[in-house]
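Open your viewer and keep the selection box handy. We will go from stop to stop, picking out a few elements each time.

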Amino acid sequence: MRIRILVAGLIVGLGSFGGVTAMAASTSTLATPYRESQLSNLKNVKQVSGSKTVTLDLVLNPRNSAELTKTAYAVNTSGNKQFKSYLTPKQFRQKFGQSTTTTKRLAKYFKAHKFKVTTFNDGLIMQIKGSTSAVNKTFATKLKTASYHGKKIQFSKQTPKLPTNVAKPIKAVVGITNLVKMSSLADTTSTSSDGPTSDGAPQNFLKQYDATNLGNQGKGQTIGIISFSKVNKSDITHFWSEEGISSSASRISVKSTGGMDVWGNVDPGNEETSLDVEQAGAIAPKANVRVYTASLSDVGWLNAFATAFGENKASSLSLSWGLSEGVLASLNKYNLITPLYGSIMNTLLAQGAVQGVSTFAATGDTGAYGEELDKNGDTSEGIYANFPANNPWVTATGGTTLPVSGTLANGVKVNISKERTWGGDALFGAYFQDENFFKKNSDLMDTLQSGSGGGISTLYATPQYQKGVSGVNTYNARQYLTASGLPRSNPSLITGKASGRNYPDVVANADPITGYDEYTSADGWETTGGTSVVAPQFAAMAAVINSNRSKRMGLWNPQLYALAQTSKSPFTKLDSDTDNGNLFYVGQPGKTYNQAAGLGTLDFDQLAKVFK
């Protein structure tokens, strides 16, 4: 429901060039921070106060990167001799992180320069906190702030520098330059109610997808939720109580993971966090839920994942926030972000896979569309994948619409006869019967432009488990929306080929029209939807299945794609190329996969039987 665009604080890579006594200059091809000469219409340019606390992450170079990829596949692929031989965080560091000798040396250096240092136990992330004066002196920068197209940014006119021997193990420094832009890629449509509804009960998910015979209900497991807002336990326990779920607040724990609150650009409320925890805790009523809270910034993003994987308490993890690949491409084009961004997150998410954590990411609620930026910071939309749902080490959760029939306030009837990919085109027939009625209602127009995220990544290559699967890297599509975002009548079928990580992997009900109950004290009871409902539901199902096993399920994808091609497949394919689209991509009849519905919907009872 609440997939967000996060234009993160820029990641500044540090090279290891120069002589023994020279300062090590940044490598411009790896990272170029915002510079005054590159930014137009700057207003209110000011020096950052020397006493202001700045939080940075030092991202260290992983060791044995090629081996990390092989291991992540091996421990999650049935039949491999390393299958289920998950690593502990300590073992992960020994193989892939920097040594304690290196991190102690770096910590000593930055402490001597008046920074407080926290080293994450993966040997890949070190957080340093210090004053602006300490940052400027240590990195040879002059931090400034300015108003940039209505957004407040922090930047340095000078390129950050460090001595060569200090810079050598550092892949990137995150947080020196930052711009945070938060807007919703979510379907914000919701319907108020006086209390829980029979149609919106979270247990309906269990009935719809055959998850009623799985025993231990998550007992002994912990579900992790990544969030960028506070946690209101009373809202969550009230929801559980009213829905007939174990409502003990002791089930919920919160871990603050650090990061810097960049000028208040955080989630303005607790709705997303409440929704995620409510759903996860209802689907797995005997599991604990641990929320990893972070500030909405580049540093907060990295620290949340590093903390979750470093603790290794959660056997499954859910994320309902995202960033368009279009935004990443724009920032790279205008030299505003390092191209290392994707690889840094890839390493972190691979750590989760190596440790057997099942990570789920919502695909977004604007169909195949995502935002891009121009050089002035303005936005437009195009066909773009959503990050990190596009990452090979997460299971990307998309959305469907359940069968439903009814009559709109203008008397026009709506009938959806079978489960299909969630897309606004399901209401196009009603729209064309009474266009004025829709145009006068902004919520209805938003509904027409909403749908399950899905597509083909240009950031990540096709993962091993997708290679050779019919439908992967080929596509059917229909341009359901005009350039102005209005419905198009009877769009023709488009076919094509591409190459990259295809997503989503799985889908389940996400349409607000057929959605789920949600409660917050601020807004009361509502029926809502979005793919961010699906991500915590799947994380909860991982906990439920894990509670009946001695070994974690781990990354689902290698087994999902293998099982989908067998007679024991737990999937119901949604492969029609009509009435089955996400505003662009549609099904590929007869093929195993499509970018609208992934592999399809799951029968969880069957999945539990055949998943090794």
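Here is a short tour of the chain, from the overall picture to single residues.

**The whole chain**

Start with everything shown as a cartoon. This is a predicted model. The protein chain has 17 helices and 36 strands, and 62% of its 612 residues count as buried. If you draw contacts between residues at least 6 apart in sequence, 78% of them join residues at least 24 apart.

**The largest core**

In soluble globular proteins, nonpolar side chains tend to be buried together. For the case at hand, select Phe 205, Trp 301, Phe 305, Phe 538, Trp 556, Phe 604 and Leu 607: within the largest nonpolar core, of 110 residues, these touch the most other members. Next add helix H15, residues 531-546, which gives the most to this core, with 10 residues.

Now centre on Phe 538. Which residues does Phe 538 touch, leaving aside those up to four places away in sequence? They are Phe 205, Phe 360, Thr 397, Val 506, Val 507, Ala 508, Trp 556, Leu 602 and Phe 604. Apart from this core lies another one, of 23 residues; to find it, pick Leu 56, Ala 107, Met 126 and Val 135, which are among its members.

**Where H8 meets H15**

Keep H15 on screen and bring in helix H8, residues 271-283. The two axes come within 8 Å and cross at roughly 35°, and the crossing is right-handed. To see the contact, show side chains for Glu 272, Leu 275, Asp 276, Gln 279, Ala 280 and Ile 283 on H8. On H15, show Ser 532, Val 533, Pro 536, Gln 537, Ala 540, Met 541 and Val 544. Coloured by class, this contact of H8 with H15 shows 8 nonpolar, 3 polar and 2 charged residues.

**Helix H7 and its neighbours**

Move on to helix H7, residues 233-242, where Asp 235, Ile 236, Thr 237, Phe 239 and Trp 240 are buried. The buried residues of H7 pack against H8, strand E15 (252-256), strand E32 (516-520) and strand E33 (524-528). Just after the helix, look for Gly 244: its phi is positive, near 80°.

**Strand E32 and its hairpin**

From H7, step across to E32. Why call this strand largely enclosed by the rest of the structure? Because 5 of the 5 residues of E32 are buried. Turn the strand edge-on: Tyr 516, Glu 518 and Thr 520 point one way, while Asp 517 and Tyr 519 point the other. E32 pairs with E33 in the antiparallel sense over 5 bridges, and a hairpin of 3 residues links the two. Select Glu 518 and you will find Glu 526 as its bridge partner in E33.

**Another hairpin**

Select strand E24 (residues 404-407) with strand E25 (residues 413-416); they are antiparallel and share 4 bridges. Val 404 stands opposite Ile 416. Between the strands are 5 residues, and in this hairpin Gly 411 has a positive phi near 90°.

**A three-stranded sheet**

Finish with an open sheet of 3 antiparallel strands, ordered E29-E28-E35. Its edge strands are E29 (494-497) and E35 (585-586), each pairing on one side only. E28, residues 474-477, is joined to E29 by 4 bridges, and Ala 477 stands opposite Ile 494 in E29.

Notes
Residues numbered from 1 in each chain as written. Predicted model: local features only at pLDDT ≥ 70, side-chain atom pairs only at ≥ 80, totals over all residues. Heavy atoms only, no water. Core = buried A, V, L, I, M, F, W, Y, C linked by side-chain atoms within 4.5 Å. Buried < 20%, exposed > 50% of the residue type's maximum accessible area, 1.4 Å probe, protein only. Contact = heavy atoms within 4.5 Å. Axes fitted to C-alpha atoms, helices over the stretch in contact; angles between N-to-C directions. Left-handed = near helix turned anticlockwise from the far one by under 90°. Nonpolar A, V, L, I, M, F, W, Y, C, P; charged D, E, K, R; others polar. Pairing = 2+ DSSP bridges.
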